[in-house]
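Let's take a walk through this model together, starting with its sheets and ending with its cavities. Have the sequence and structure open as you read.

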Amino acid sequence: MATVISDSKSRPMDDNTIIALLSGKGPDEALFEEADRIRREIYGDAVYLRGLIEISNYCRNNCYYCGIRKGNTKLDRYRLDKDTILACCRDGYHLGFRTFVLQGGEDPYYGDEPYGGADGDALLCDIVSEIHTRYPDCAVTLSVGERSRESYQRLFNAGARRYLLRHEAASPDLYRTLHPAEMSLENRMRCLYDLKEIGYQVGAGLMVGAPGQTLEHLLDDIHFMQKLQPDMIGIGPYLRHSDTPFGKSTAQCAQGLRKEQKLELTLRLLAVLRILFPFALLPSTTALGTIDPNGRELGLKAGANVVMPNLSPADVREQYELYDNKICTGEESAQCRNCLELRVISAGYRIVTDIGDVKRTASEGNANHGTE
């Protein structure tokens, strides 16, 4: 049973209710209105900026759905050096960003023992420490995959305070259909709990509408997240990449939902997550904007309160292609930021420029959300 905030008193939401909401049995407008009411109760109309810096598209993994998988030989590979990453942070700081998200594939160059080498771990720690030193009023978030607990601790000591690691599937059977045998759900879960125990603000999440995924699988994801209690939950519609096993397989494509179905299900799940996890930070993702021109605005109206514009150098954005036809690969960061701000305003919210920590109590929602 999950607790839902209401105007009067808590009410339970059982599994049957969740399945009914996700399947669209009932008006979506009422679901979205409840989710929006809850987010406004806690976070007001604030939408938090996260400056995304895609540091490398090398990856040691071969996930069946991902465009930067190791086995994709058609991809032009790149990795950013320290000076380039710091330049992205400098530009982002002047644009008002107060959180920098360093995201990449599981690149051995930035790896740690036993995955890569101690030198790579030290390099990433050095970059994090330099960002933390130069911009002490900013938060450093990492999203660089599975690592040893010792590596996570070193990165925390260097100044990283948030870590995003989507679990992708809490069901062992579904996880195995999405990933090769050398990857394990047990290790992914180990990583998430290690991060929590060290003291990170932790983000989990999943693709919505992946081939073979059912509503019961999504219920498994919710149950897992109720145990984990992540600070951030990142979800987005599954989008195919043509140079992956899923993208090339007619059978796998046939299993997936249609584009409009994935959009609707993602929005419903966003709203359900806002209701079940009222204090979580929920991004309205680039994938939502890719699947529908108004997708990010719809995500905000369904309960999301984070957007993540791209601060990566424009000449590498097309190479960080997790799926086909990704948006915002050619815009300069300033243009993307201004465009997003107008979109956020049109949806009835406002961008704020503080670091946007997760709220822990509803009363915190009445405090200052940051400066515009």
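## A term to start with

Before we look at one of the central strands, a word on terms: a residue is called buried when its relative accessible area is under 20%. Please also keep in mind that this is a predicted model.

## A covered strand

Strand E6 (residues 139-143) is a good place to begin. E6 is mostly covered, with five of its five residues buried. In a regular strand, side chains alternate between the two faces of the sheet. Here, Ala139, Thr141 and Ser143 point one way from E6, while Val140 and Leu142 point the other way, and all are buried.

What does E6 form together with helix H5 (residues 149-158) and E7? The three make a right-handed β-α-β unit. E6 and E7 run parallel and are joined by two bridges; threonine 141 has arginine 162 of E7 as its bridge partner. Toward E5, E6 pairs in the parallel sense over five bridges, and alanine 139 in E6 stands opposite threonine 99.

## The six-stranded sheet

Now let's step back to the sheet around E6. Its six strands follow the order E4-E5-E6-E7-E8-E9, with parallel pairing, and the sheet is open. Strand E4 (51-56) and strand E9 (232-237) each have a single partner strand and stand at the edges, so one side of each is left without a neighbour in the sheet. From one strand to the next, the twist averages 20°.

At the E4 edge, five bridges join E4 to strand E5 (residues 99-104), and the two run parallel. Within this pairing, glutamate 54 has glutamine 103 in E5 as its bridge partner.

## A second, three-stranded sheet

There is also an open sheet of three strands, in the order E10-E3-E11, and its pairing is parallel. Why is one side of strand E10 (306-307) and of strand E11 (350-352) left without a neighbour in the sheet? Both stand at the edges, each with a single partner strand, so one side of each has no neighbour there.

Strand E3 (residues 46-49) runs parallel to E11, and three bridges join them. One pair to find on screen is alanine 46 with its bridge partner in E11, arginine 350.

## The largest cavity

How many cavities of 30 Å³ or more are there? The count comes to four. The largest holds about 1100 Å³ of space and is lined by 49 residues, with Gln103, Arg166, Glu168, Tyr320 and Leu322 lying nearest its centre. Gln103 is a residue we have already met, as the bridge partner of glutamate 54.

The elements that give two or more residues to this lining are E4, E5, strand E8 (201-208), E9, helix H12 (286-291) and helix H14 (333-346). E9 gives the most, with five residues. By class, the lining of the largest cavity divides into 27 nonpolar, 14 polar and eight charged residues.

## The second largest cavity

The second largest cavity has a volume of about 80 Å³. Its lining includes Arg50, Val101, Thr141, Arg162, Leu164 and Met308. Two of these bring us back to the sheet: Thr141 and Arg162 line this cavity, and they are also bridge partners between E6 and E7.

Strand E7 (162-164) and E8 each supply at least two residues of this lining. Which element provides the largest share? That is E8, with three residues. The lining of the second largest cavity has six nonpolar, three polar and three charged residues.

Technical notes. Residues numbered from 1 in each chain as written. Predicted model: local features only at pLDDT ≥ 70, side-chain atom pairs only at ≥ 80, totals over all residues. Heavy atoms only, no water. Pairing = 2+ DSSP bridges. Helix = DSSP H or I, 4+ residues; strand = E, 2+ residues; numbered from the N terminus. Axes fitted to C-alpha atoms, helices over the stretch in contact; angles between N-to-C directions. 1 Å grid on protein atoms, 1.4 Å probe; cavity = no way out; pocket = protein on both sides within 12 Å on 5 of 7 lines; lining within 4 Å. Points joined across faces, edges and corners; volume = space filled by probe spheres on them. Nonpolar A, V, L, I, M, F, W, Y, C, P; charged D, E, K, R; others polar. Buried < 20%, exposed > 50% of the residue type's maximum accessible area, 1.4 Å probe, protein only. Right-handed = clockwise from strand over helix to strand, strands pointing away.
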